[in-house]
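Student: Could you take me through one part of this structure up close? I'd like to see how the pieces sit together, step by step.

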Amino acid sequence: MALSNETIQNKLLEKFGDQVLNFSTASGILSFESSKEINLKVLQYLYEEPSLAFTFLTDLCGVNYPDNLGAELVVVYHLHNFSENIRLRYSVSTSINETAVFTASKLFESANWMERETYDFFGINFIGHPNLKRILNVDEMDYFPLRKEYPLEDQTRIDKDDEMFGRG
Amino acid sequence: MEHQTHITLPKGSIEKTTTTLNIGPTHPATHGVFQNIMEVDGERVVSTEQTVGYIHRAFEKLAERRPLYQITPITDRLNYCSSPINNMGWHITCERFLKLDLPKRVDYLRVIIMELARISDHLICNSIVGVDTGAYTGFLYVMQYRELIYEIYEEVCGSRLTTNIGRIGGFERNFTNTAFTKLEKFLNEYPKVLKEFENLFARNRIFMERTKGTGGISAERALNYGFTGPNLRAAGVDYDVRVQQPYSSYQDFDFKVPVGTTGDNYDRFLVRNAEMYESISIIKQAYQKIQEFKGTDAEVYHADVPEYYLPKKEDVYTKMEALIWHFKIIMGEINLPKGQIYSAVEGGNGELGFYLVSDGGRTPFRLHFRRPCFIYYQAFEELIKGGMLSDAVVTMSSLNLIAGELDA
């Protein structure tokens, strides 16, 4: 039986009740959210339940929504079931002041570096990660550059004396 | 007088039986900016720690202030061995997000360019594996066919390495006759050269002994490590984005997905080699399909989407309306719809994904690139542990690591 988005949604609702919420389908991919406390339970259920079998972690990344107070940072998981060929997007959000989220690296080896990257750029503290340190940026960096509070330089600024680049 | 030593060894270090060896960040044996701090026991690798990020250029941050067209040149610089796939992957993401329909001829033209890019990518990787095992000849010999591929790019978009090819909705211009002539020349001559290249390596005893059984990984571990592309297929999993989630009308083509069994360096070589033959066959099919278009259909090279497709350059210079649209499109005066999308293409070395989040503004709110080699490079330690140092070098090149993509 082919696995459909509705089946996945019903299975999740059956297992987790109202702890999983905000189901929506965009471009054919079902996405849903849950609180960050149960992220490992959800991922493990999706992995181990034979009829779901989301055993491939395609992508893990962070997003910063500065206006969502109390849920500024979001961790997005893209999962893939190869045999049914269906993708799934799952996200958990966390406050920017308390950024602890459980690591998925025990379940997926591939999450190791992707979580390091997410930590590096968003400062999400993955609890239980074997080696949580910066990966692309220098170790000395003391901020998390992809957060929205660090804007890129204003392209129209005129106060900069920079003759080499035509702004003198 | 008391005896002086110049070097103060840390306490207990004299008992250390392994040597710490630093390879990279720039080293002739690592084709790109890779650093590995290895612990070696004689010639055996005990452990290694990969350091990445030496050419990190903050693409994801930059993309947050760039309208769609200004992001295309960024994607060139991910996997620069096959930049047309990145460009088109990005344009396909935009088209899916904006829900644009493309004419079949555009899809087929794209397939030709993408498969040429795949050939040039695999060609570099396989010939570099040859170089690292001591055979320089193959590498030099196939370069002239990569050159021919680059000449085709040049004929289509004007540039060679960082191509910035195509537009949202199609191509910037129709393929010229010269482009098709060069393509025919390539299709006529290249299979023979590829056969010669294959003969040089595939049953070569030295090459087989260097690559068989080194850098292997099981299918299960490869999946857990997030392998995609030829590296995953070499381990025996027939996952190919072109087949599983076709884009650009790949469902219209008949091709095989080659798989290996052991996931070692030799299997990776063979899978890439077989994929090049499949790519040639796809290009032939696409070229044939293109020749079947008659009349005005045979002139179509872009979709009719004036809001996203740049107007002709001649019109931009002479007509007010075209100039306005050119400006609006380049500067991103047209707001994107709200929403998010994940769209993937089969890149040269795996599943290249784009995760686009839009809040309805002129630029993406967040753009994340799923770079295949960033994800599978973390398995490097497991692949080379317990093996010889010289095999680690071959493993690294046969993984097809591209620093530009790894560090984004």
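Tutor: Sure! One term before we start: two residues are in contact if their C-beta atoms, placed from the backbone, lie within 7 Å. Keep in mind, too, that this is a predicted model.

Let's look at where the chains meet. Here 27 residues of chain A are in contact with 29 residues of chain B. On the chain A side, the elements that give two or more residues are β3 (56-64), β5 (86-94) and α3 (111-122). The largest share, six residues, comes from β3(A). Sort that side of chain A by class and you get 15 nonpolar, eight polar and four charged residues.

Now into chain B, starting with its helices. Two packed helices are described by the angle between their axes and the distance between the axes. Take α4 (residues 104-132) and α16 (residues 389-398) of chain B: they pack at an angle of about 170°, with their axes 8 Å apart. An angle over 145 degrees counts as roughly antiparallel, and α4(B) and α16(B) are therefore roughly antiparallel to each other. From α4(B), the contact uses Ile128(B), Val129(B) and Asp132(B), while α16(B) brings Val393(B), Val394(B), Ser397(B) and Ser398(B). By class, this contact has four nonpolar, two polar and one charged residues.

Chain B has strands to look at as well. Strands of a sheet pair through backbone hydrogen bonds, either parallel or antiparallel. In chain B, three strands make an open sheet in the order β1-β2-β3, with antiparallel pairing. Its edge strands are β1 (19-23) and β3 (44-51) of chain B, each of which pairs on one side only. From one strand to the next, the twist averages 20°. Zoom in on β2(B), residues 35-41, and you'll find seven bridges joining this strand to β3(B). One pair to click on: Val40(B) has Val45(B) as its bridge partner in β3(B).

Last stop, a single residue. Leu336(B) lies in the loop between α13 (320-331) and β4 (338-347) of chain B. Is Leu336(B) buried or exposed? A residue needs 20 or more other C-beta atoms within 10 Å to be buried, and Leu336(B) has 20 such neighbours, so Leu336(B) counts as buried. Leaving out residues up to four places away in sequence, Leu336(B) touches Ser358(B), Gly360(B) and Gly361(B). As for Val46(B), 290 residues away along the chain, its C-alpha atom is separated from that of Leu336(B) by 51 Å.

How values were computed:
Residues numbered from 1 in each chain as written. Chains lettered and ligands numbered in written order. Predicted model: local features only at pLDDT ≥ 70, side-chain atom pairs only at ≥ 80, totals over all residues. Helix = DSSP H or I, 4+ residues; strand = E, 2+ residues; numbered from the N terminus. Nonpolar A, V, L, I, M, F, W, Y, C, P; charged D, E, K, R; others polar. Buried ≥ 20, exposed ≤ 12 C-beta atoms within 10 Å, placed from the backbone. Axes fitted to C-alpha atoms, helices over the stretch in contact; angles between N-to-C directions. Parallel < 35°, antiparallel > 145°, perpendicular 65-115°, else oblique. Pairing = 2+ DSSP bridges.
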